[in-house]
Amino acid sequence: MTQVVLTEVHGKVGLIRINRPEAMNALNNNVVDGIGAAIDTFEADENIGCIVITGNEKAFAAGADIGFMKDFDYMHAYKTDFITRNWERVKTARKPVIAAVAGFALGGGCEMAMMCDMIFAADTAKFGQPEIRLGTMPGAGGTQRLPRAVGKAKAMDMCLTARMMDAAEAEKSGLVARVIPADHLLEETLKAATTIASFSLPVIMMIKESVNRAYESSLNEGLLFERRVFHSAFALEDQKEGMAAFVEKRKAVFKNR
Ligand code: CAA
């Protein structure tokens, strides 16, 4: 049987490839469980400092698998906790996760990319929430994360008209961190992930957690959270090493503690 999720380790970066090319990488339970298992493995590996999720040149993922869910009824979706049961493992990762998107990121594919901490897009990337065409709606965070990323007007436009956003518009709107020529997408993403992973792991995790508080709290609560975490960073050996290395004009050697 084809493995629908492939993993590779590149130095200190864990790479997850969605591998259902015959179905535009549509996300079924096997794929989402596979992504979750890969995240579990990379989270448990002290040597890994950053995770990248990618698809192929045609699609990051063209959505939840329509054939898989078309006959669901309400009770099945509710009892099996569809989406919540396994998709949100991406959201709960403590190490940074970058989505490297080429081609289509539609519906659940766009939502999966938005669950990651940032999106690097190939110039071929196309983002959309076309569920309305199927007589349904985004169900993995599209109506919530898209407005936070691109604002209400563009989120409404995309969710209600099903139009796609290209990479240039996605960058201009704040949905993606970088646009990269398609041929170099993986290389550049791995380079950025390697840079991140070269820093102190507890600091990487503290920064991710603090930036995410910006979405979950008022400014004052977020600032308080940041200040407390910042103060706690003075307890790290890596902080002593990082600042001593600066003063001594040498490269810091972090020990992740
Ligand atoms: N689910 C299942 N299969 C899918 C799929 C999906 N979401 N998207 C594409 N495929 C399959 C196609 O059925 C096709 O399979 P066959 O060769 O067996 O017919 C194969 O992938 C290739 O697709 P196309 O022939 O359609 O390729 P294309 O280049 O003409 O079009 C596309 C590409 C625009 C992505 C088109 O496939 C498409 O519109 N896909 C559906 C997109 C969509 O509606 N996504 C939302 C899903 S609902 C959702 O995600 C809910 C949620 O919020 C959780």
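Two strands are taken to pair if DSSP finds at least two bridges between them, and helices (H or I, at least four residues) and strands (E, at least two) are DSSP runs numbered from the N terminus. The structure is a predicted model, in which local features need pLDDT of at least 70 and side-chain atom pairs count only at pLDDT 80 or more, whereas totals for chains, interfaces and linings use all residues. Residues are numbered from 1 along each chain as its sequence is written, and side-chain values use heavy atoms, with hydrogens and water left out.

Strand E7 pairs with two strands described here. Strand E5 (residues 97–101) runs parallel to E7 and is joined to it by 4 bridges, with Phe-120 of E7 serving as the bridge partner of Ala-100. Pairing of E7 with strand E10 (residues 178–180) is likewise in the parallel sense, over 3 bridges, and here Ala-121 stands opposite Val-179 of E10. Of the 5 residues of E7, 4 are buried, where buried means under 20% relative accessible area, exposed over 50%, and partly exposed in between (1.4 Å probe, protein chains only).

An open sheet of 4 strands, with mixed pairing, follows the order E4-E6-E8-E9; strand E4 (59–61) and strand E9 (165–166) form its edges, each pairing on one side only. Within this sheet, strand E6 (residues 104–106) and strand E8 (residues 126–128) are paired in the parallel sense over 3 bridges, and the bridge partner of Ala-105 in E8 is Phe-127. Helix H5 packs on the sheet, touching E4, E6 and E8, and its direction makes about 90° with that of E6. Contact here means heavy atoms within 4.5 Å, while axes are lines fitted to C-alpha atoms, for helices over the stretch in contact, and angles run from 0 to 180 degrees between N-to-C directions.

Empty space was examined on a 1 Å grid over the protein atoms alone, a cavity being a set of points where a 1.4 Å probe fits but cannot get out, and a pocket an open set with protein on both sides within 12 Å along at least five of seven lines; lining residues have an atom within 4 Å of a point. Grid points are joined across faces, edges and corners, and a volume is the space filled by probe spheres set on the points.

The largest pocket holds about 1300 Å³ of space, and among its 43 lining residues Asp-117, Lys-208, Val-211, Asn-212 and Tyr-215 are the closest to its centre. Elements giving two or more residues to this lining include helix H5 (108–115), strand E7 (118–122) and helix H10 (201–216), and H10 provides the largest share, 11 residues. By class, the lining has 26 nonpolar, 7 polar and 10 charged residues, with Ala, Val, Leu, Ile, Met, Phe, Trp, Tyr, Cys and Pro counted as nonpolar, Asp, Glu, Lys and Arg as charged, and the others, Gly among them, as polar.

The second largest pocket contains about 550 Å³ of space and is lined by 25 residues, with Ala-64, Met-69, Glu-131, Thr-136 and Met-137 nearest its centre. Helix H2 (66–69) and H5 each supply at least two residues of this lining, which by class has 15 nonpolar, 6 polar and 4 charged residues.

A search of the whole structure finds 1 cavity of 30 Å³ or more, with about 40 Å³ of space. Its lining includes Lys-12, Glu-46, Phe-199 and Asn-256.
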